[in-house]
Amino acid sequence: MNRKHKGTSLLLAASLVLLSACGSGGGSANGGVSPSASSAAGGEAPGKKVKLVFWNTSYPTIDENDKTKKKEDFYIYKAIARYEAAHPNVTIDIQDIPDGANAMTKFQTAGIANNGPDVTNLWSGNYTMDLKSFIQPLNSYLQPSDIEAMTGWNAVTENFADTGTIYGIPDGSDGTIGILYNKKLFAAAGVDPEQNPPSNYAEFADMLKKLKASGVTPIGTGEDGDFVYFLDYWFAQMVGTSGINDIVNGKLNFHGEKLLEVMKSYLQLYKDGYVKTDQHETQFYNGKVALIFGGFNLINDAHAALGDDLGMIKIPNFSDAALVKDGGIGGTGADFVVSKSSGHPEEAVKFILFLVSKEEQIARFKDGYGKLLNLKNVDAAQFTQNPLVIRQQQWASEPSTIFWPDNIYPSELSDYIGSLNSLVIKSQLDAGDFLTKLDQKRDEILAQK
Amino acid sequence: MHYRTRESLTGYLSLLPAFLALAAIVFYPMVNTFIHSFTKWNGADAEWIGLRNYTFIFTNGELWTLLRNNAIFLLSIPGILLLSLIVSVLLFEEVRGWRFFRSLYYIPTILSAVVVGMLMKMMFAQSGVVNQFLRGIGLSDGNTEWLSRAPTAFLVLIFCFYWQTLGQGVLIFLSGLSSISHEIYESAGIDGAGWWQRLIRITMPSLVPTIVYFTVTNAIYCFIGLFSLVYSVTQGGPGRETTPIDYMIYIKAFQSPGQLGYSSALSIVLFVIVLLVSWAQIRLSNRFEE
């Protein structure tokens with residue numbers, strides 16, 4: 001009996017150990033080293049080792065065309081090696097994680113479990129602000145000279161203000177979304193958009209008609225109808241930047257005369273058979289569609305596929321009544337953030353400032369990274385001969401470039417718009433109903449705030 | 001200590017590890033979810049808001065679309081039930097090549113839902129093999145956008161569900177069939193019962209408990225197990241047209257910041273629905289068995 005009793009006690013003790021192990025297993029997301037553990041190992045004291053976990057969502061670490069390429073040959077690994085050489089006490093543990101909405105999800109769940117990374121990249125604006133409970137405010141770690149050197153701070157500051165709590169460090173610029181087109185296909189249709197750029201919807205539709213008549217599909221878009229790249233611009237230019245803010249705050253509705261007209265015209269492009277939504281980028285690179293909407297991020301791939309046949313113009317204004325003309329969507333769409341669970345916020349900020357420093361931004365730009373520089377007083381023309389890239393940098397600095405509206409909408413609303421827009425372009429949802437549903441969703445989000 | 005007291009104490013102590021594990025892994029999250037369903041919770045801070053989350057769920061109209069989507073999957077269960085029955089009876093009858101087909105039908109079951117989903121997504125893409133095949137045999141122009149329209153997107157999802165469940169269904173029914181005594185079949189054969197009569201009069205009634213088990217588990221699956229399939233194939237789209245409740249719980253919890261409380265409330269609603277559906281099914285099947 002005594003042996004039985006001992007056995008039971010042992011079993012009980014083992015189960016308690018097991019449960020306590022389950023409870024403290026939060027560090028797995030950091031490759032087995034939780035921030036608190038790394039904090040204990042490092043600390044801020046000079047001479048002590050510091051390990052920073054960096055969740056990489058944007059720097060390429062795989063070459064689709066050359067799978068044998070070693071990790072050490074990619075820009076970010078070289079940059080980390082440079083940083084570690086200059087800071088012998090700091091080790092950067094880079095971990096690739098999925099980008100976009102998945103990155104937000106992972107960051108949020110890690111934040112709840114208090115085992116987030118030290119540094120990661122997120123989409124800027126409200127995508128970042130929606131996660132501010134898990135993000136370290138950075139004002140106390142930044143010098144005025146840091147802020148002065150770069151653009152895009154509104155996108156990482158609370159309420160998009162010029163001053164206030166800063167939750168991230170702007171990561172480059174996406175340039176301005178325009179139209180990338182195939183010069184050969186346009187010439188075959190007798191259209192020269194450089195000489196005679198369409199200035200409103202009617203002229204744009206006329207151009208597409210000629211392209212279709214020449215036997216080519218005029219436009220390629222994503223399955224969601226390129227709401228973020230294309231339609232959002234027409235929305236934003238018709239109501240203006242302040243109008244977008246009013247929509248977000250419930251002072252203005254999506255469902256109004258102006259935006260309904262935009263929606264109907266936009267849908268007409270689909271009804272007239274001008275748009276293909278299947279693998280649009282590939283189709284464009286293969287010369288199957290005449291134009292796609294895109295910015296700096298697509299120029300390298302498009303240029304590799306089309307060479308000198310690649311052209312670029314701005315998206316035409318929707319109408320003469322537009323409040324913002326001859327612009328486009330773009331700006332600093334991403335940022336670096338420091339997680340609240342980081343044990344080394346100061347070191348993390350230093351590492352970020354290194355990545356966005358003038359030297360490193362130029363280095364990654366030359367390496368072909370998909371972002372333009374967001375440095376003041378630095379001209380991209382010094383580092384590239386590609387006229388399209390130079391033009392992108394010029395466009396990005398023009399006041400007519402409107403900051404990504406989907407980064408201004410609450411992230412839940414942006415997700416909802418994208419999912420519903422795919423119904424609209426397949427004529428499964430009426431344009432008016434679509435706008436009404438957006439208003440309802442916006443009201444619902446405001447009511448739940 | 002008295003022998004019987006010590007004996008029962010040992011019994012309780014033996015149960016304790018399992019109870020503690022269940023408490024930590026099941027009961028604590030359940031209670032936590034229930035409590036948070038009355039709060040506005042972003043994962044860091046929670047604010048008590050009473051029944052507001054539940055009011056939103058029942059008034060914003062979204063729940064009915066989600067329930068409709070779950071109901072569509074639920075209504076597809078008889079199809080897979082019939083298919084599994086037919087295949088298992090054929091295998092049980094040892095038709096030619098039954099050993100090969102037994103393995104073949106089971107293969108999709110061992111694949112994860114995400115693998116099946118990704119495979120189907122590629123197959124049913126506009127330029128995928130399904131469209132190429134249909135164009136090849138002249139049944140369509142090969143431009144069908146399967147995943148862009150709700151009815152065809154549902155067809156693809158149900159096809160995935162069937163494809164993945166068939167192996168498991170066949171296995172369950174084969175075990176049910178093998179438990180029926182051969183003597184009954186032999187006696188029926190001597191009495192002059194044909195194949196169909198044996199099937200209707202002996203096989204089917206004997207399989208009722210197995211059919212009940214299969215139906216109940218799959219009904220529960222249709223409410224709580226579709227997430228990975230929907231996530232990998234349609235992501236709930238187009239729009240929210242193929243979004244079941246469990247996928248919406250994910251969207252609200254992890255893609256809608258500050259909505260973890262709402263998501264918790266939706267989880268409680270789903271729990272109650274599954275409880276009611278399972279209870280109704282078991283009640284109904286008890287009557288059948290009687």
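Here is a short round of questions and answers about a predicted model with chains A and B.

The model is predicted, so local features need pLDDT of at least 70 and side-chain atom pairs count only at pLDDT 80 or more, while totals for chains, interfaces and linings use all residues. Residues are numbered from 1 along each chain as its sequence is written, and chains are lettered from A and ligands numbered from 1 in the order in which they are written.

Q: Why is Asn159(A) called exposed?
A: A residue is exposed if 12 or fewer other C-beta atoms lie within 10 Å of its own, buried if there are 20 or more, and partly exposed in between, with C-beta atoms placed from the backbone. Asn159(A) has 10 C-beta neighbours inside 10 Å, so it counts as exposed. You'll find Asn159(A) in the loop between α6 (144-149) and β4 (169-170) of chain A, and its phi is positive, near 60 degrees.

Q: What makes Phe160(A) partly exposed?
A: Phe160(A) has 19 C-beta neighbours inside 10 Å, so it counts as partly exposed. Phe160(A) also lies in the loop between α6 and β4 of chain A, with a positive phi near 55 degrees.

Q: What span is expected for helix α4 of chain A, and what does it reach?
A: Helices here are DSSP runs of H or I with at least four residues, strands are runs of E with at least two, and both are numbered from the N terminus. The expected span is 1.5 Å times one less than the number of residues. Helix α4 (residues 101-112) of chain A has 12 residues, for which 16 Å is expected, and it reaches 17 Å from its first C-alpha to its last, which is close.

Q: Why are the buried residues of α4(A) said to be on the same side?
A: The buried residues are Ala103(A), Met104(A), Phe107(A), Gln108(A), Ala110(A) and Gly111(A). They cover an arc of only 165 degrees around the axis, so they sit on the same side of α4(A); the arc is that of the directions from the helix axis to the C-beta atoms. They pack against β3 (119-123) and α5 (126-129) of chain A together with α13 (245-254) of chain B.

Q: What puts the buried residues of α18(A) on the same side?
A: Phe434(A), Leu435(A), Lys437(A), Leu438(A), Lys441(A), Arg442(A) and Ile445(A) are buried. Their arc is only 160 degrees around the axis, which puts them on the same side of α18(A). The face turned away from that buried side carries the exposed Gly432(A) and Ala447(A).

Q: Why do β7 and β9 of chain A stand at the edges?
A: Two strands pair if DSSP finds at least two bridges between them. The open sheet runs β7-β6-β8-β5-β9 (chain A), with mixed pairing. β7 (275-276) and β9 (310-313) each have a single partner strand, so one side of each is left without a neighbour in the sheet.

Q: What makes β6 and β8 of chain A a pair?
A: Strand β6 (residues 217-220) and strand β8 (residues 289-294) of chain A share three bridges in the parallel sense, against a cut-off of at least two. In β8(A), Leu291(A) is the bridge partner of Ile219(A).

Q: How many residues of each chain are in the contact between A and B?
A: Two residues are in contact if their C-beta atoms, placed from the backbone, lie within 7 Å. The contact takes 26 residues from chain B and 32 residues from chain A. On the chain B side, helix α1 (residues 3-36) gives the largest share, nine residues.
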